[in-house]
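User: I'd like to understand the reasoning behind some labels in this model. Could you walk me through them?

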Amino acid sequence: MDAWETLVATALVGTGRQTPTAPSGEAAVTALVDQLDWHQPEQALLGAAGAIALHRQIGQFPLQPDWPIVEPCTLDDLPVVKTAIARHLDTAMNTYPEVLPELLSLIAQAGQRLPERQLPRLLQMGQQTSALRPYVAAVGGQRGQWLAAQQTDWSYARVGGAHGFSLDSPQCQDLWANGRRSERILLLQRWREAAPAAARAALEAVWTTEFAKNREAFINGLETNLTMADEPFLEAALSDRAKGVRQATANLLAKLPESRLGQRMAERVQLLVQLKGKGKRLTIEVTLPAACEPAWEHDGVNTKARSDQGQRGWWLEQILAATPLDIWGDPIAAIRALTGHPWQAILSSGWEVAALYQQRTDWAAAFLDTLESQILDDALIGQLLALLPLPQQKQWLQARLPSRPNEEDVIRWLLLVVRSSQPWDLAFSKRVLKQLTVAAKNSSRQAIGLAYETRNLRLTLHPDLAPAVAIALEDVTNDANSPRHWESSLLDLLKYLSFRHEMYRAFPASE
Amino acid sequence: MWTSEQVLSLSPDANSAKRGKSLATVSQWPLLGRSEQAVWGECQGSGKTPYRTQIDLSEPAFRCSCPSRKFPCKHGLGLFLLLAEQAEALPESPPPDWVKEWLGQRSQSTQRKQAKAAPGTDPAAQAKRAQQRAAKVEVGLADLEQWLQDIVQQGLATLPNQPYRFWDQAAARLVDAQAPGLARRVRSLASIPHSGPGWPERMLRSLGLLHLLVQGYGRLATLPPALQAEVRSQIGWPQTQEDLQLRAAQNDPLVSRAKDIWQVMGKVTFEADNLKGQRVWLRGHESQRSAPVLRFAHGSQPLDVSLVPGTGFVGELVFYPGTGLPRALVAAREVAVPQLAHQIVGEAIAGAIAAYAHALTANPWLEQYPLMLGQVRPVWQAERWWLQDATGHVLPLSPRFQHPLELLAISGGHPLQVFGEWDGAVLRPLSILTETQFLAMED
């Protein structure tokens, strides 16, 4: 033990139990402690402690360990966004996180990257919210990828953005071979966007060695740029060991009407559902299946129905959903014949899902035009509406614009707009605002629910609408009859639109 | 001219910084304007009338009509950020009356301050007060020495079981004895027994240094004058600014003064006994000399915000008597120099630590020492963050430092210049100097 350790040991038990003696050591220390009076042990011990501690502190040298040096990040990187955008990013992270995908996309489009200092917090947010990850990964630049490689929780961002994305790079190859699942899913998605066939080939090469959970996630990843070229691989995957993989595969194949699965479904359905007659005289004859055959199950038909459903109807609904819609001919005639049909609910759900799966604009339009008032599920209307090209959606909604400020019509129309979730142009946004003002002068219960749902409009209305919203807000505030919750809803809308308005202004090149 | 980093370093707390940032958008300011000397704006709050916010840029000084007790308030920060980031959004215009009025008041009060510099105190009464104080301190120190001896007599092993009261009461007795410097040191002992492995060593070291201080005071007359002043200052003997300036004017040999281009390197705020304190580190461009400037504010009083990290000024500092690293008072600010940081070159770790050892030789009770390190990289090793320089020397970062990952992101594995406070065991980074930027690390 050296002089210091001896002192500490004595002090720990106390001079009451152990009489200290003058510690010996280096000459400098000895010279110091010899001057102390060790007949007064407490005082001497404290004096020696102060002197030796100080001596040690003064003589302390920094360590020089032999640690490996981390390869620094390349300095050849995308340009950093300007300060105003960095500030908007801060504001979005603190106050408007819902706007982050929009803002990060704008940065990615401008071919820029985040300031280094903001990277840790944003990578952290991406770690917590997986939906944000592709956006974050796209704007980190080289620095973001480098940082992600240092911190395992952020490894998802090692994939990087579309800029400079190269499949053959050793970095990507290494990530695909050794990365974590979250990284590989993101990589596969990027890969499918750039080169769908090569991505599938890479997946086929490792397929048999992957865990079931990975296989399921990767199959879902093939949805990006799905074509008939993927069909042989998917058809084989229908016989996978894992149920989750089989189900995910069947769902993808149902989106390819020309697939073998689609053809098998068509053969099955022809024995169960027949269309007789033509045009307005068209009738539909339905025979419910007696049993769910094993071959159906192999193609993804789920035997167990929800408790409030009949099993046989449920089987039929699923077969309809996976059957190519072309076998039914004209969608308008077919949908008209549904009205009042005893199996209307089953037939229409099956066809609606098929229309969504097969991205059939004509069927979506036919449903919306013919059966809109009977489709109870607003979310489904929104999805069908979203299938239509934007001008057509606008046309459809404009055609249904309430002619009079009738409360019920206005609210129903606004709900449709809220659910369709599109980025609207300024002219249409103004129409929406006009209806909102009508609804805001209303205090019915339904209108209260709507006030809440206007949250969705914060991201879909045109940012240039902000000044008009400010005027409308003043109007509502001054109107004593307007309920307070509308005031706060409009204020909230205004805050978001103003923020987005300024955000867009910070990107001069984009329009 | 001003950067966002500099503006945000003025924020009284993290929350104000956050709110200030959200107010840095043009749409929330129906009125904005600026002149050579000031910026102003009206900010729409939740009430009917907008808040009137104004900043005198010469210091800077803030004023806002909002009821917030924060200083500067979020409106002040938001307005300042707008100036730093979107100066084009603030049109140059003649100041409105409410701005003119305030600027007028300010220049008057500055003149008044200068006029009252020479205090007319009664020397006899002063000497009597000093005598009374000396008597009280003497009793307090004898009491402290007994307390220290009792601890080592009973053994440090008993300390982890002592309640906070044990430390607090000892500290309170020292406050009564008018030795607040010692009281603060005693109170800070309370956390050592719970600070993990090696605590007995740290405790014994602190007790030993306290003992040396008591001994030093006991034979004050035998010490060199500068060390006498240091011991008195460590005990907490009051030193007023007026007194210091008077001594400087009388060419007191213990009071040195230095003219230089002073760069504000970093700022730390802390709380102690109902007091808010702030330690600002200045560095002389010509002399390379470092100087801490300490300022305190009671309760809800605002702390001074005129020293902004990343900026600088040509001016004169007066140094309090003492040894090692005497604290300074800003005596005169002549010209503001917005950005100097790029010309600073930091030193290697070994050299910086040698300078620290040298200062410690002169002042054993030195607590924080400024390190301006060049060519260091942040490294994660052995479950903690370090800075490593080109020769491979390392210093551990304080576990209380909040932004090691920002440091890593900014470096990208490349060497940086880091300014920070070294306490003999860990380094707390306060600012980073890249080739193009001065980045203050907020708390």
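Analyst: Happy to! A charge sits over a ring if NZ of Lys or CZ of Arg is within 6 Å of the ring centre and within 35 degrees of the ring normal. Please keep in mind that this is a predicted model.

User: What makes R384(B) a residue that lies over the face of W386(B)?

Analyst: R384(B) is 5.7 Å from the ring centre of W386(B), and the limit is within 6 Å. R384(B) therefore counts as lying over the face of W386(B). Chain B has another such case: R327(B) lies over the face of Y320(B), at 4.3 Å from the ring centre.

User: How many aromatic pairs does the structure hold over all chains?

Analyst: There are 20 of them over all chains. One is formed by W176(A) and F218(A).

User: Why is the pair of W176(A) and F218(A) called tilted?

Analyst: Their centres are 5.3 Å apart, and rings pair if their centres lie within 6.5 Å. The planes make an angle of 50 degrees; stacked needs under 30 degrees and edge-to-face over 60, so the pair falls into the remaining class, tilted.

User: What does that pair tie together?

Analyst: W176(A) belongs to helix α9 (residues 170-178) of chain A and F218(A) to helix α12 (residues 212-221) of chain A, so the pair links parts that are 42 residues apart in sequence.

User: How do you know whether W176(A) is buried or exposed, and what about F218(A)?

Analyst: Buried means under 20% relative accessible area. W176(A) has 6%, so W176(A) is buried. F218(A) has 1%, so F218(A) is buried too.

User: Which class fits the pair of W207(A) and F233(A), and why?

Analyst: Edge-to-face: the planes are 80 degrees apart, over the 60 that this class needs. The centre-to-centre distance is 5.2 Å. W207(A) sits in the loop between α11 (196-206) and α12 of chain A, and F233(A) in helix α13 (residues 231-237) of chain A, so this pair ties together parts that are 26 residues apart in sequence. With a relative accessible area of 11%, W207(A) is buried, and F233(A) is buried at 9%.

User: Which residues form one aromatic cluster with Y96(A)?

Analyst: Y496(A) and F499(A) join Y96(A) in that cluster.

User: And where are the domains of chain A?

Analyst: The assignment gives domain 1 (3-58), domain 2 (260-388) and domain 3 (391-505). Taken over C-alpha atoms, the centres of domain 1 of chain A and domain 2 of chain A are separated by 92 Å.

Technical notes:
Residues are numbered from 1 along each chain as its sequence is written. Chains are lettered from A and ligands numbered from 1 in the order in which they are written. This is a predicted model: local features need pLDDT of at least 70, side-chain atom pairs count only at pLDDT 80 or more; totals for chains, interfaces and linings use all residues. Side-chain values use heavy atoms; hydrogens and water are left out. Rings of Phe, Tyr and Trp (its six-membered ring) pair if their centres lie within 6.5 Å; planes under 30 degrees apart count as stacked, over 60 as edge-to-face and the rest as tilted. Helices (H or I, at least four residues) and strands (E, at least two) are DSSP runs, numbered from the N terminus. Buried means under 20% relative accessible area, exposed over 50%, partly exposed in between (1.4 Å probe, protein chains only). Domain bounds come from an automatic or database domain assignment.
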